[in-house]
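Trainee: I have a chain open on my screen and would like to understand one part of it closely. Could you walk me through a single helix and then show me how the rest of the chain fits around it?

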Amino acid sequence: MPVSDPEAKARALYEARRTRTPIPPFTDDDPSLGMADGYAIQRELVPLLLADGDRVVGYKVGLTSTAMQRMVGVDTPDHGPVLASTVYRDGDVLSLADFIAPKVEAEIVFVMGERLAGPGVGPTDAARAVAGAAAAMEIVDSRIADWRIKLADTVADLASNGAVAVSSRLVPLEGLDTRLVGMTLTRNGQLLDTGAGAAALGDPLAVVAWLANVLGEHGVALEPGHLIMTGALHAAVPMAAGEVYRAEFDRLGPISIRVAP
């Protein structure tokens with residue numbers, strides 16, 4: 001059976017985002033909900049956000065690592081739109097008050113140079129369509145209380161996207177193997193974790209191809225200028241007030257955010 005009343009569930013998520021007040025997981029009431037149900041709710045939520053004057057500037061792909069897929073019990077990534085209001089620049093100051101339970105993830109972001117539409121897209125096609133890669137930090141957040149999410153809950157909630165900070169330095173792909181891009185993440189100068197581009201589906205360009213093919217099934221394309229977030233290269237780190245988080249990527253350079261005291 002399809003999810004019951006996706007419009008009401010989307011409205012609940014909308015209000016949770018607006019008031020910064022989490023709600024219980026949808027899967028508490030109906031454990032049978034799955035990925036398709038989550039997308040049904042997401043499709044109702046996005047127009048509510050756009051009606052407030054926001055706009056889609058790209059897409060995030062989550063669950064791109066084997067470890068995360070095993071944790072949620074799936075064998076495929078998920079996706080959600082990136083909204084203009086959630087995009088920050090390198091060095092920007094963020095406030096915990098703008099989120100519910102934020103966590104920091106370092107990842108590689110691509111900027112599209114050409115339109116890319118599935119089906120039949122592969123990593124080579126993605127590489128031709130991408131203008132370049134940039135260092136980024138995603139702030140994942142959940143409108144679901146205490147991060148008690150199952151697959152349908154996170155998909156409905158825009159794949160748990162909270163915000164993203166993107167470096168202004170865009171690096172062309174010529175001579176760059178993004179699978180081999182190494183990354184170190186620090187908090188106030190102390191090493192927290194390391195990672196490499198291959199953590200994202202084995203190849204961040206494979207993430208772009210996967211997204212183009214999935215969206216293509218619904219007549220949606222990746223457009224020039226779109227940001228494509230390819231997934232965390234390490235375990236998410238809870239974000240705390242007064243901290244400075246910095247990720248340094250081989251070839252792509254650094255990206256940092258500050259959290260207001």
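Mentor: Happy to; we will start with one helix, follow its neighbours, and then step back to the whole chain.

Please keep in mind that this is a predicted model. The part I would pick is helix α3, which covers residues 35-50. This helix has 16 residues and reaches 23 Å from its first C-alpha to its last, close to the 22 Å expected at 1.5 Å a residue. Now look at which of its residues are hidden: Asp37, Gly38, Tyr39, Ala40, Ile41, Gln42, Leu45, Val46 and Leu49 are buried. The partners that these buried residues pack against are α1 (6-19), α2 (26-29), β2 (78-83) and α6 (151-156).

One of those partners, helix α1, deserves a stop of its own, since Arg17 sits there. Is Arg17 buried or exposed? With a relative accessible area of 12%, Arg17 falls under the 20% cut-off, so this residue counts as buried. Beyond its neighbours within four places in sequence, Arg17 is in contact with Leu49, Leu83, Arg143, Asp157, Leu158 and Asn161. Leu49 brings us back to α3, where it is among the buried residues. Glu15 also belongs to helix α1, but at 27% relative accessible area Glu15 is partly exposed. As a ruler across the model, take the C-alpha atoms of Glu15 and Ser168: they are 153 residues apart along the chain and separated by 32 Å.

Asp157, one of the contacts of Arg17, gives us a second ruler. Asp146 and Asp157 are 11 residues apart in sequence, and their C-alpha atoms lie 14 Å apart in space. Asp146 is in the loop between β6 (130-140) and α6. With a relative accessibility of 69%, Asp146 counts as exposed.

Next, the nonpolar interior. In soluble globular proteins, nonpolar side chains tend to be buried together. The largest nonpolar core here has 48 residues, and those touching the most other members are Phe110, Leu116, Leu222, Phe249, Leu252 and Ile257. Helix α7 (residues 204-216) gives the most to this core, with nine residues. Apart from this core lies another, of 18 residues, with Ile23, Leu33, Val46 and Ala152 among them. Val46 is one of the buried residues of α3, which ties our helix to that second core. Back in the largest core, Leu222 is worth selecting on your screen: leaving aside neighbours within four places in sequence, its contacts include Tyr59, Met112, Leu116, Val208, Leu211 and Ile228.

There is a sheet to place as well. Five strands form an open sheet in the order β4-β13-β12-β8-β9, with mixed pairing. Its edge strands are β4 (93-94) and β9 (190-196), each pairing on one side only. Strand β13 (residues 253-259) runs parallel to β4, and two bridges join them. Leu94 has Val259 in β13 as its bridge partner.

Finally, the whole chain. It has seven helices and 13 strands. Its radius of gyration is 17 Å, close to the 18 Å that the globule rule gives for 261 residues, so the chain is as compact as a globular protein of that length. Along its principal axes the C-alpha trace spans about 50 × 45 × 35 Å. Of the 261 residues, 54% count as buried. Among contacts with a separation of 6 or more, 75% come from residues 24 or more positions apart.

Conventions
Residues are numbered from 1 along each chain as its sequence is written. This is a predicted model: local features need pLDDT of at least 70, side-chain atom pairs count only at pLDDT 80 or more; totals for chains, interfaces and linings use all residues. Side-chain values use heavy atoms; hydrogens and water are left out. Helices (H or I, at least four residues) and strands (E, at least two) are DSSP runs, numbered from the N terminus. The expected span of a helix is 1.5 Å times one less than its number of residues. Buried means under 20% relative accessible area, exposed over 50%, partly exposed in between (1.4 Å probe, protein chains only). Contact means heavy atoms within 4.5 Å. A nonpolar core is a set of buried Ala, Val, Leu, Ile, Met, Phe, Trp, Tyr and Cys residues joined through side-chain atoms within 4.5 Å. Two strands pair if DSSP finds at least two bridges between them. The radius of gyration is taken over C-alpha atoms; the globule rule is 2.2 Å times the number of residues to the power 0.38.
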